[in-house]
Amino acid sequence: MRATIEIILALLPFAVLVAGFLVFRLDSLQTSLAAWIVEFAVIYGYYHMGLLKSVESALWGGLTMWTGFLVVYTGMIFGQAYRTTGLLRVLLDSVESIFPARDKEGRAIALVAVVGGFIGAFNGFATYPVTIPGLVELGFDGVRAIAAYLVYFAWSVPFVSLFIGANIANAATQLPVADIAAASGLFGIPLVFISLAGFLKILGFRFFERETQILFWLLGLGNSLGIVAFCIIWPTYYILTLIAASACSLLLLYGYGIYARRADHGAAVAQPLSAAVSAAASRDPSPAGAWRAYAPLVLGAAFVVVTMIPPVARALSHLQIRVAAWGYAPITINLITSAGFVILVTAALCYVFRSKPAHVVADVAAGSTRSVSALVTLFIGSAMVYQMVDTGQIAMLGRALSNGGGVIYTALFPFFAFLGGMAFGQGLPADFLFAHMQIPVAPALGIPLVLLVGIVNVITMGPPNPLKPAQITYCTHLVDVKGRDWEIFRINLPWQILQLVVTAILALVLVFI
């Protein structure tokens, strides 16, 4: 009886999160706050955790997620800087120029492939205001554009913001980030092709036509090459995964674009371009100007590589500090080698290569203001998660699930992680929570801990993302299709369930074969 009560109490905050999103349609901050209040009542009333201890647990939970806070904050500043310096417009024009102006399908693929990778590598949230209006500008319906991009970008989310998810899982388990990245890569490749197929089908592409198949396999191959190269072959440089995926895709699409332009030349003679298409074609930038958009991104990636050179890495390791308080195990903080610092450096480089005047102070202020809600939501989530860890609720849930044996556990826990990832306003608290839950489970079931954590990182971050009401609502405001959230949710749901089921099946295969 006691065990049943404790399981119900442990699941209660998740029930509040789901109800807040799907029933009451609260935003991320309101829902997270409601769940935290419920968790406070549980730990104070049932587990008898004192007020002082609960505050200490909440503060320590926030501190362990320091890299998440830094990435969210600097990511907002980077998105603001890249846009106001004019580099974003240059990047969009250069990407769209790969294909003929009349080929909106090819331009749509190039847009999401390059922007989703290059910009998403530093700030995943900054891609939505670029790609979704860009797809509408190409002539796609607003609802379809939102649904399609959310489904496509789902595979990228576990790798965005310089692999922030793996860093959070590292904070929860102390496993090497490179090992978590390698395990995540194994599950990321199938999601690439499912996400891409969903993108094409939702936008109305004729999937089995020759051109669509070429685009599908070129982009799928390019993204997979990036994952294989920097998650599996050279996991030490995991931070470069999305940048490499985008670069490989860009090269493959550019090669096919040359062929497409030659084929379009004859068609242009027989059928002149419309005024709208001619206007889009006139914006195609020259190569001499396009390099500015890529320079900060390339130099940011180069900075990462330099910091990982053994002598440099050893020198920078002396800058790290150890923080301990309230009896918790110490954590290590090194701002210079953190993903957030790399994003900040890249943001600063935007002003060096700007194509129009921009004001640093104004951009920092705007980015800081925009980040407040996300930072508060992240703190609430991380505080609640750590309180659940301190009271043993997470370990208890892990034991309850693992009692069914390895097969049952491996098949079921991805579904719980999926719900957790959808329930929290962000995937990071769920990533931390479910990664920590694997610590006692892995040795008990004889399953490698890193494999289970890799599943958690992918499942909590990627597949739930297109179904989060707050995410959908935000995107509807970008192209003025308000009030159609449930239509987008309905379109996305089967594709995300497919991603979840495929990941669960692959987990069973990898764990037991």
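Let's start with the largest pocket. It is lined by 38 residues. Nearest its centre lie Asn167, Asn170, Val177, Thr332 and Thr337. Keep in mind that this is a predicted model. The volume of the largest pocket is about 1000 Å³.

What is the lining made of: how many nonpolar, polar and charged residues? The count is 24 nonpolar and 14 polar, with no charged residues. Helix H9, residues 160-173, gives the largest share of that lining, with four residues.

Stay with H9 for a moment, and move to the loop after it. Gln174 sits in the loop between H9 and helix H10, which covers 177-202. Its phi is positive, about 65 degrees, although Gln174 is not a glycine. Why point that out? Because most residues other than glycine have a negative phi. As for its surroundings, Gln174 counts as exposed, at 60% relative accessibility.

There is a second case on my list. Trp326 also has a positive phi, about 55 degrees, and is not a glycine either. You will find Trp326 in the loop between strand S1 (321-323) and strand S2 (331-333). Trp326 is partly exposed, with a relative accessible area of 42%.

Now a glycine. Gly86 follows helix H4, and its phi is positive, near 85 degrees. H4 itself runs over residues 66-84, so to speak of its length: it has 19 residues. From first C-alpha to last, H4 reaches 28 Å. That is close to the 27 Å expected at 1.5 Å a residue. Is H4 mostly covered or mostly open? Mostly covered: 16 of its 19 residues are buried.

Next, the cysteines. How many disulfides does a search of the whole structure find? Zero. A disulfide is a covalent bond between the sulfur atoms of two cysteines. Take Cys231. Its closest cysteine sulfur is in Cys248, 13 Å away, and that is too far for a bond. The cut-off for a disulfide is 2.5 Å between the sulfurs. Cys248 is likewise in no disulfide, and the nearest cysteine sulfur to it is that of Cys231. Their settings can be stated too. Cys231 counts as buried, at 0% relative accessibility. Cys248 is partly exposed, with a relative accessible area of 25%.

On to some polar side chains inside helices. Begin with Ser402, in helix H18, residues 393-402. Ser402 is buried, with a relative accessible area of 14%. What lies 3.0 Å from a polar atom of the Ser402 side chain? The backbone oxygen of Arg399.

Then Gln438. Its place is in helix H20, residues 427-445. Gln438 is buried, with a relative accessible area of 0%. Which side chain does the side chain of Gln438 make a polar contact with? That of Tyr409, at 2.5 Å.

Helix H23 comes next, residues 485-512. I have two residues to show you there. One is Gln499, which lies in H23. Gln499 counts as buried, at 0% relative accessibility. Look at its position against Ala154. Along the chain, Gln499 and Ala154 are 345 residues apart. In space, their C-alpha atoms are separated by 9.3 Å.

The other is Thr503, again in H23. Thr503 is buried, with a relative accessible area of 2%. Its partner for our purposes is Pro463. Thr503 and Pro463 are 40 residues apart in sequence. Their C-alpha atoms are 9.6 Å apart in space.

One last residue. Thr346 lies in helix H16, residues 339-352. Is Thr346 buried or exposed? Buried, at 0% relative accessibility. Thr346 and Ala229 are 117 residues apart in sequence. From C-alpha to C-alpha, Thr346 and Ala229 are 23 Å apart in space.

To recap the main points. The largest pocket has 38 lining residues, and none of them is charged. The whole structure holds zero disulfides. H4 is mostly covered. Gln174 and Trp326 have a positive phi without being glycines. That's my tour.

Terms used
Residues numbered from 1 in each chain as written. Predicted model: local features only at pLDDT ≥ 70, side-chain atom pairs only at ≥ 80, totals over all residues. Heavy atoms only, no water. 1 Å grid on protein atoms, 1.4 Å probe; cavity = no way out; pocket = protein on both sides within 12 Å on 5 of 7 lines; lining within 4 Å. Points joined across faces, edges and corners; volume = space filled by probe spheres on them. Helix = DSSP H or I, 4+ residues; strand = E, 2+ residues; numbered from the N terminus. Nonpolar A, V, L, I, M, F, W, Y, C, P; charged D, E, K, R; others polar. Buried < 20%, exposed > 50% of the residue type's maximum accessible area, 1.4 Å probe, protein only. Expected span 1.5 Å × (residues − 1). Polar contact = N/O pair within 3.5 Å; in protein donor to acceptor, adjacent residues only side chain to side chain.
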